[in-house]
Amino acid sequence: MRRIFIPGRLQEKFYIEGPDAHHLSHVMRSKPGDRIVIADNDGHVAECEMTAFSADRIEAKLVRYINQVTESPVEIILAQCLPKGDKLELIAQKATELGVNTLVPLVSDNCVVKYDAKKAQAKRDKWQKVANEAGKQCSRDVLPEVQPVQALKEWLKAAAADDDLAVCMCYENEEQTGMTEFLRSLPVSARRIAAVVGPEGGFSLSEAALAKECGISSVSLGPRILRAETAAIAAIAVIQYEKGDLGGGCAGE
Ligand code: SAM
């Protein structure tokens, strides 16, 4: 479930305004009745329902507070190019245990698997079921959302336009910037982080070029070439260690 941060304190009824309202209405195409996780400035987190939409703001109501003992202080999005076989189930399970909030399955140039719309929905349901089971097993307060299968190039452009989302592309050919360096370069206020991971065949040169054009940093996960599923798990672990709650420390200390 998408999470946004609002200034001030959560109320029974409140408004979402500015870039978040625009993103929810026009990019995420949210509608009345859709749920969202809201984190306020006092550290409260709640599941809320969007009730009414107008041109520049969204009316919402508080449904239930989330004790967020098991929710990381950062919102993590894993944008994963479709790997072969049932590897995305493994990724969904491990990513959930590590605290991911959203899993975006992507079709990219070097993806071997191609799903037609019907199969893609069945696969999405399966991945969501795996994430839900993993979420219950590890006592997540909020179950991750598995989004519909999307095209990598479209997703990169939309992510780059999301002003409060820090995006990095885990790129096997990156030799300059490590993921740790990228994360440490982010402002403390960066609380939404996305990592893009390629399929077994890696990213094509045009995909890497597009990411660069969009201002998305490519980052290295080290000198070894990791399997796609290993890279996905490692990327989330590094983000959670550096910015979240992995290792039990308090983030940002
Ligand atoms: N076909 C590529 C090659 O042989 O160089 C390998 C792709 S790798 C199996 C799958 C994905 O994992 C990559 O696209 C990248 O997203 C990620 N990955 C693997 N090793 C990485 C590394 N050392 N640094 C950053 N990303 C890595």
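Domain bounds in this predicted model come from an automatic or database domain assignment. On that basis the chain is divided into two parts, with domain 1 spanning residues 3-65 and domain 2 spanning residues 75-243. The C-alpha centres of domain 1 and domain 2 are separated by 25 Å. The two domains also touch one another: seven residues of domain 1 are in contact with nine residues of domain 2.

The ligand occupies the second largest pocket. Its surroundings comprise 19 residues, of which Cys170, Gly198, Leu221, Gly222 and Arg224 are the closest. By residue class, the shell around the ligand consists of eleven nonpolar, five polar and three charged residues.

Several of the closest residues approach the ligand through backbone atoms. For Arg224, a backbone N or O atom is found 2.7 Å from a nitrogen atom of the ligand. Gly222 likewise places a backbone N or O atom 2.9 Å from a ligand nitrogen atom. At Gly198, the ligand partner is an oxygen atom, which lies 2.9 Å from a polar backbone atom of that residue. The ligand taken alone exposes 580 Å², and the protein buries 84% of this area.

In summary, the ligand is held in the second largest pocket, where 19 residues surround the ligand and backbone atoms of Gly198, Gly222 and Arg224 lie at the distances given above.

Technical notes. Residues are numbered from 1 along each chain as its sequence is written. This is a predicted model: local features need pLDDT of at least 70, side-chain atom pairs count only at pLDDT 80 or more; totals for chains, interfaces and linings use all residues. Side-chain values use heavy atoms; hydrogens and water are left out. A residue is near a molecule or strand if one of its heavy atoms lies within 4 Å of it. A polar contact is a pair of N or O atoms within 3.5 Å; within protein, one must be able to donate a hydrogen and the other to accept it, and residues adjacent in sequence count only if both atoms are side-chain atoms. Accessible areas come from the Shrake-Rupley method with a 1.4 Å probe; for residues, only the protein chains shown count as cover. On a 1 Å grid over the protein atoms alone, a cavity is a set of points where a 1.4 Å probe fits but cannot get out, and a pocket is an open set with protein on both sides within 12 Å along at least five of seven lines; lining residues have an atom within 4 Å of a point. A molecule sits in a cavity or pocket if more than half of its atoms lie within 2 Å of its grid points. Ala, Val, Leu, Ile, Met, Phe, Trp, Tyr, Cys and Pro count as nonpolar, Asp, Glu, Lys and Arg as charged, and the others, Gly among them, as polar. Contact means heavy atoms within 4.5 Å.
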